[in-house]
Amino acid sequence: ASLLAAVGEAGTEDLPGEADVLQMLLQVVFNAFEGGLYIKKAMLNHCCRPNCITFQAGERVRSDGNTVSTGKSEVVATQAIAAGTEVTISYLVPVEQSHGTRSRKWEAQHLCALAPSPWPAEMEQFNVPAEGPFDQEGAHEDLETIEDDLDALDDQLNFEQMRPAEAIELLANLPIKELLHPRHLTACRVHNLIVRCAHLLTPKKKKKEP
């Protein structure tokens, strides 16, 4: 308040109010990214079903496996965004995580509860048998273990501590079909990891000389 008053006395007009400044500072603090502080990107709010995805410089890859080199971090739309619609990203990477895991990570990072899942119901559902008992608590524990294993596998791939062929074998042996609905978010994550490993195993096409 004293700083705003001092600047005001210096003759600067149309200063934001103290509440506005505090809100902006809190948005920056609670929206910081591991790779650094990005003033513009830090203003984007979280959504578990975002309309954009973020990439670090050189992280975005084309369908042919070649990297898109822009030299800058990017926010890329994943769908058509109507004028006036808020641009959102996910603070929880990857997006394909169960609501239980997202909630656990969100509460650890932001010290508050996560909103209900915006995804269709089947993308959060277990593969419940038509007959016989279903151990829901045990299913949640099994899913949490699988997602922790996927986090570890993701890190190993990022740091080249696991061969892609080995990762595909591990992913193929996960009890996804027995445990989850075919469209479950975690099943989508497993599929995406297998595709990623396949790209790593595929020789990249050499760029043509100009």
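## A buried arginine in α3

R102 is buried in this predicted model, and the relative accessible area left to R102 is just 2%. Under 20% is what it takes to be called buried, so R102 qualifies with its 2%.

R102 isn't without a charged partner, though: its side chain meets that of E124 in a salt bridge, at 3.1 Å from N to O. The two residues sit in distant parts of the chain, 22 residues apart. R102 belongs to helix α3, while E124 is in the loop that runs between α3 (99–110) and α4 (136–158).

## R104 and its two partners

Now for another arginine, R104. Its side chain pairs up with E144 in a salt bridge, and the N to O distance is 4.0 Å. Since R104 is in helix α3 and E144 is in helix α4, this pair ties together parts of the chain that are 40 residues apart in sequence. How exposed are the two ends? R104 counts as partly exposed, at 35% relative accessibility, and E144 also falls in the partly exposed class, at 36%.

R104 has a salt bridge with D148 too, where the closest N and O atoms are 3.5 Å apart. D148 lies in helix α4 and R104 in helix α3, so here the parts being tied together are 44 residues apart in sequence. D148 comes out as partly exposed, with a relative accessibility of 35%.

## A shared network, and the tally

Some salt bridges share partners, and that joins K105, D151, D154, R189 and R196 into one network. How many salt bridges are there by this rule? The count comes to nine. The cut-off behind that count is a side-chain nitrogen of Lys or Arg within 4 Å of a carboxyl oxygen of Asp or Glu. As a general point, side chains of opposite charge can pair when their charged atoms come close.

## Over at strand β4

Leaving the charged pairs aside, have a look at T88. This residue lies in strand β4, which covers residues 88–89. Is T88 buried or exposed? T88 is buried, with a relative accessible area of 10%.

Which residues does T88 touch, once those up to four places away in sequence are left out? The contacts of T88 are N45, C47, P50, N51 and C52.

Terms used. Residues numbered from 1 in each chain as written. Predicted model: local features only at pLDDT ≥ 70, side-chain atom pairs only at ≥ 80, totals over all residues. Heavy atoms only, no water. Helix = DSSP H or I, 4+ residues; strand = E, 2+ residues; numbered from the N terminus. Buried < 20%, exposed > 50% of the residue type's maximum accessible area, 1.4 Å probe, protein only. Contact = heavy atoms within 4.5 Å.
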